[in-house]
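Here's a quick tour of one protein chain. Have a look at the fold, then read on for a few spots to find in it.

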Amino acid sequence: MQKAQCDNTSANRAPRVDLRLWGDEDEIVAAAIDYARRRIMQAPDPVAGARPAADLALAAGTAITPWGIGSAAALKLFDRVLAPATRAQNGTMNLAYIPAAPTRAALAFDAVTSAANIFAGIWESGAGAIHAENEALAWLTQLLGWPSTAAGCFVSGGTMGNLSALITARAAAAASRPRPTDGWKIVCADSAHSSIRSAAQAMDVAVVTAPVDQRGHLTGAAVNAVLDSTTGVFAVVATAGTTNAGLIDDLDDIAEACERHQVWLHVDGAYGGAGLAAPSVRHLYSGIERADSFIVDPHKWLFAPYDCCALLYRDPAAARAAHSQSAHYLDAIDRDVHNPSDLALHLSRRARGLPLWFSLAVHGTERYSRAVEQTLTTSRLVADAIRASDHLRLTIEPELSVVVFEHPGWGPQDYASWSARAAETGAMLCVPTQWNGATVLRLAFVNPDTRAGDVIDTLRTLRKLS
């Protein structure tokens, strides 16, 4: 009788409460991982894109509340409302700006990297991850033709990579000569990425523009002329694959000018640096082995997910001198190894190079070279079709995988209307740009799954609107 009374008492008790602060998250984790797997495996939506802010706010409602909306509702909101309001960067017909086409292996390992929750700023806390990142960086170092003593780290993107490299360059100059009375200066071409001017503004230094030649290239002669007539220059920025037209500056001659004037040479290869892996265009990069620093964004043309920029120094000692932070809580850091926090303008960082490392380890560098070559082949086939067309004309001969062309007789509104219709139907993402003051169209090929025939068929629709 006593036992029965105890059992009855137990049955009438309130349900056991999970005393963990976040409760039982097992089902939440399982649902999120399953969703991630399905997203990685499914084809991107070609018509996904931004919605007006007011419309999106109304559709999304309020998700952040005092007591939460629960995992099912939050995941449904992301899947049905938020994700469709973003552009599918890995769509095979997304040829606008510089898109991204990460391998599924890289996407999957990005999830693993997040799950591992590694602090990869210093060796003491992230040695294994940093070792793997350094292996990926070593492959890039070999492509550059740099010595094995070169080193670097992964940062968020080209803007941070360029800024960190230029901070290093200025620190190196300041260590050898006094600050000029009229301030420090950077030399670059008008075709340099906008992040160079942004970096100069952040550093409170001036930008001196050197003219490009008739091919659109910055030359050694132009750099020499500026350096001969300008004091206080601490760095020259050359571009290996301009964003707008995919052109590679005359790196060898520019390196000669920089060495003559003892000025740091930084090469921005955020988009085009991936071409180093392609034998068919490797000769265009002659002289890059003489650069002092270099960046490339694997999330552009090296099949990694956002966000990932590789920043490299031929001699990392200057970077450590410029970027190493000191504080009592950092006294125990091992400075005999390459700590990523010592090589760029950051301290806290995730191991954003691991997805690239994993994909390289899975697929091999040879397959990466073939993938870059595939995109170059596709761009050449499309360029050939434009040359043969009776209604289109190449604006400039392509060097890498960017194709710039025009429809003679069209104005800005014609290009904008065709581009908008192509995007709305999911046929192609191709946006107008400017070249020598005229409105033109531009295709950027970074996805090896893009088929030239599909692109050529879509370009034929330009004739129908003539």
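**A sheet, a helix and a lysine**

Strands E10 and E11 (residues 438–444) run antiparallel and are joined by 4 bridges. Keep in mind as you look around that this is a predicted model.

**The sheet**
- Zoom in on that pair and you'll find Pro432 bridged to Leu441 in E11.
- Zoom out and E10 and E11 turn out to belong to an open sheet of 4 strands, in the order E8-E9-E11-E10, with antiparallel pairing.
- E8 (393–394) and E10 (432–435) are the edge strands: each has a single partner strand, so one side of each has no neighbour in the sheet.
- Helix H15 (residues 412–425) lies across E9 (402–406), E10 and E11, and runs at about 30° to E11.

**Lys300**
- UniProt, in an unreviewed entry, marks Lys300 as "modified residue: N6-(pyridoxal phosphate)lysine".
- You'll find Lys300 in helix H11, which covers residues 298–301.
- Is Lys300 buried or exposed? Its relative accessibility is 18%, and the cut-off for buried is under 20%, so Lys300 counts as buried.
- Leaving aside residues up to four places away in sequence, Lys300 touches Ile98, Pro99, Ala100, Ala101, Ala270, Tyr271 and Val446.
- The side chains of Lys300 and Asp297 make a polar contact at 2.5 Å.

**The domains**
- The domain assignment splits out domain 1 (43–86), domain 2 (106–366) and domain 3 (368–461).
- Going by C-alpha atoms, the centres of domain 1 and domain 3 are 32 Å apart.

Notes:
Residues numbered from 1 in each chain as written. Predicted model: local features only at pLDDT ≥ 70, side-chain atom pairs only at ≥ 80, totals over all residues. Heavy atoms only, no water. Domains from an automatic or database assignment. UniProt positions renumbered as here; feature names shortened; annotations may be inferred. Helix = DSSP H or I, 4+ residues; strand = E, 2+ residues; numbered from the N terminus. Buried < 20%, exposed > 50% of the residue type's maximum accessible area, 1.4 Å probe, protein only. Contact = heavy atoms within 4.5 Å. Polar contact = N/O pair within 3.5 Å; in protein donor to acceptor, adjacent residues only side chain to side chain. Pairing = 2+ DSSP bridges. Axes fitted to C-alpha atoms, helices over the stretch in contact; angles between N-to-C directions.
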